[in-house]
Amino acid sequence: MPIPRRKFDTLIVGAGGAGLNAALRLASAELRVAVVSKVFPTRSHTVAAQGGVNAALANVLPDDWHWHMFDTVKGSDYLGDQDAIEYMCREAIPTVYELEHAGVPFSRLDDGKIYQRAFGGQSQRFGGEQAVRTCAAADRTGHAILHTLYQQNLRARTHFFDEYFAIDLIRDEDGVAIGALVLEIETGEALVIEAKATLLASGGHGQVFRTTTNAFINTGDGMAMALRAGVPLMDMEFYQFHPTGVAGKGMLITEGARGEGGYLINGDGERFMEGYAPRALDLASRDVVARSMVTEVREGRGCGPEKDHVMLKLDHLGAEVVHHRLPGITDICRVFLGLDPAERPIPVFPTAHYAMGGIPTDRYARVVAPARHGPEEVVPGLYAAGECACVSVHGANRLGGNSLLDILVFGRAAGTDILEYVRNNPNHRPLRDEDLEPVVTRLGRWERTGAGEGVAAVKADLRKLMEDHCGVFRDDATMAAGVEKLKALRERVEHARLKDQSKTFNTARIEALELDNLVDVGMATLMSALHRQESRGAHSRVDYPERDDELWMKHSLYSRDGDRMDYKPVRTKPLSVESFPPKARVY
Amino acid sequence: MSQPTDADQAPRAATADAELSRVGWQCRRGMLELDLLLSQFLTTGFARLDAAGRADFLRLLGYPDQIIHSWLMGREPPADAELRRLVTQIWAATAKHPGDAA
């Protein structure tokens, strides 16, 4: 039976802040917009962002978008593209006001202006005093933004396909993106959504690591769709880890715990940071603390029956300090571990948090890939924004408050450019049966019957593999072994089977499709990390401990076809101001 | 009245599985803390709920993530008694004991 088809002006995959901000701009201009989301839209991971949005509003202290730009370039360890960073920092200001007018309930200062708080890495006057730049709606900024954008989209009559899973992009014989094949989870029926423009805004892929702060939904779906459609992924080796996540679970234990006097101990009860950072001890930089923890575990000095974590000790601080100054940690420990951190140590391990890399785009959110005429040729009809994209404003390391900003500014930019694109390309391009063949083949992948391994076991092994071979401890031997293991695991996936072949609400099938995506983004991450022989930002190698601007100030591009690596230059020229040349990143 | 046959049972079992999957998918949220607590409760506690309890659980899943988060992390209790009882049941079913922490 032929797969039913529906036509829209624009298809957006993902209903977080980036997707909804683009959708709102388009639907408000009377375009027919389809948003496909595998969960109910307000359950997207944007809801978990607590901190806020950076914008140089100068509501508290003097500020300037140019100072914000300097901080972002420096924070990126000079790998960020300076044209995109300038654009983001300038556009931050109207973007925040636009959200305010849309109804986001920002917290207020006494004078009625939007409340702003201080965050790490933000300065006044190009590296001077601390700036106060992060606009917040209490501790639920992401929630406030997501719900406001969702409500506004309902008003603008955006068409939501809730609980639909995007299988793959459809490109025609000229390589133009003309929509996607999606699956309705409730019925198990496929649907082709034809669109004049398609935006991938599907979020990150933290679930590829065993210990992560990311929700279960963050499985790199859009990134893997791009890979399978022949688009490379950029700078995937740059993944931000926090040293202290709850072991085996991933939730963040804020650095404030160590700031209050907490310290780490190994299985022998030793305060092991004394051996790694004799002066800074437990307050050494994140990568040093995280790598020290993993070294203790690798060398057999971990805690617990599996010796697979270390302990964060707070019990010497007293109940008064722990309960009153660290209430969030107290809640997490009580609910998830059944312990009071004022009485017992907390089992911790580094936790994966945020992807700096993703689908390569320009500052208009258009997907760009190497082709005949250069490394950044636009893929017609295809856009990407948010954590799944790499524009690249975060470079090798993201600053706090810049992730919500990224999704909002570039979601908005995508909407603006798509309006123009659709105006210039007013007709749907013909969809031929041949264009559908590759995506329909993938749909049938998990309908194979017979004996075979289950999905859950392979997924657990993948996540452990990525943590062991591409976590915070990176050297050539560890990662090369990881690549070989991942190739073998990829073969296992080919032979895995689903026991349940039913159609109605077969979430096991969705999890199998997610596993395919995780394997693809996992390989992109491992290959990119193996080949970058330097330490920069979040990519920290013990065998190449220094940044090497001469050889490595360039972006990585991983292609799925043949697991190939390629590179392209960093865009060091901003739009209207002087470049910030690379310097040592010292705070 | 005749006994149900295997043929009768099969579709009912399939329907029950699909229903559980449907509820399971509603437990997929935007926050890891909720994913962990709700999915674990689905495995260890949901089957023991009576029809009213299950209806309450579905009602709880209908609330925004931030609200459920503040309930389940114990920052504030739900306003109605049924949901307060359910939150306690989720804690009981997912409770950890010191020592089996990780």
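This is a short talk on the cavities and one buried strand of chain A.

Hi everyone, thanks for coming. Please keep in mind that we are looking at a predicted model.

Let's begin with the empty spaces. How many cavities of 30 Å³ or more are there? The count comes to three. The largest cavity holds about 80 Å³ of space.

Who sits around that largest cavity? The lining includes Val176(A), Ala177(A) and Ile178(A), then Glu194(A), Ala195(A) and Lys196(A). From further along the chain come Tyr421(A), Asn425(A), Asn427(A), His428(A) and Arg429(A). Two elements of chain A give two or more residues each to this lining: β8, spanning 177–184, and β9, spanning 190–200. Of the elements, β9(A) contributes the most, with three residues. For those of you thinking about chemistry, the lining of the largest cavity splits into five nonpolar, three polar and three charged residues.

Now over to a strand I'd like you to find on your screens: β14 of chain A, residues 346–355. Is β14(A) mostly buried or exposed? Nine of its 10 residues are buried, so the rest of the structure largely encloses this strand.

What does β14(A) pair with? One partner is β11(A), residues 239–246, which runs antiparallel to β14(A) and is joined to it by six bridges. You can pick out Phe241(A), whose bridge partner in β14(A) is Ala352(A). Another partner is β13(A), residues 310–313, also antiparallel to β14(A), with three bridges between them. There, Leu312(A) has Ile346(A) of β14(A) as its bridge partner.

As a general reminder while you rotate the view, side chains in a regular strand alternate between the two faces of the sheet.

That's it from me, thank you!

How values were computed: Residues are numbered from 1 along each chain as its sequence is written. Chains are lettered from A and ligands numbered from 1 in the order in which they are written. This is a predicted model: local features need pLDDT of at least 70, side-chain atom pairs count only at pLDDT 80 or more; totals for chains, interfaces and linings use all residues. Side-chain values use heavy atoms; hydrogens and water are left out. On a 1 Å grid over the protein atoms alone, a cavity is a set of points where a 1.4 Å probe fits but cannot get out, and a pocket is an open set with protein on both sides within 12 Å along at least five of seven lines; lining residues have an atom within 4 Å of a point. Grid points are joined across faces, edges and corners, and a volume is the space filled by probe spheres set on the points. Helices (H or I, at least four residues) and strands (E, at least two) are DSSP runs, numbered from the N terminus. Ala, Val, Leu, Ile, Met, Phe, Trp, Tyr, Cys and Pro count as nonpolar, Asp, Glu, Lys and Arg as charged, and the others, Gly among them, as polar. Buried means under 20% relative accessible area, exposed over 50%, partly exposed in between (1.4 Å probe, protein chains only). Two strands pair if DSSP finds at least two bridges between them.
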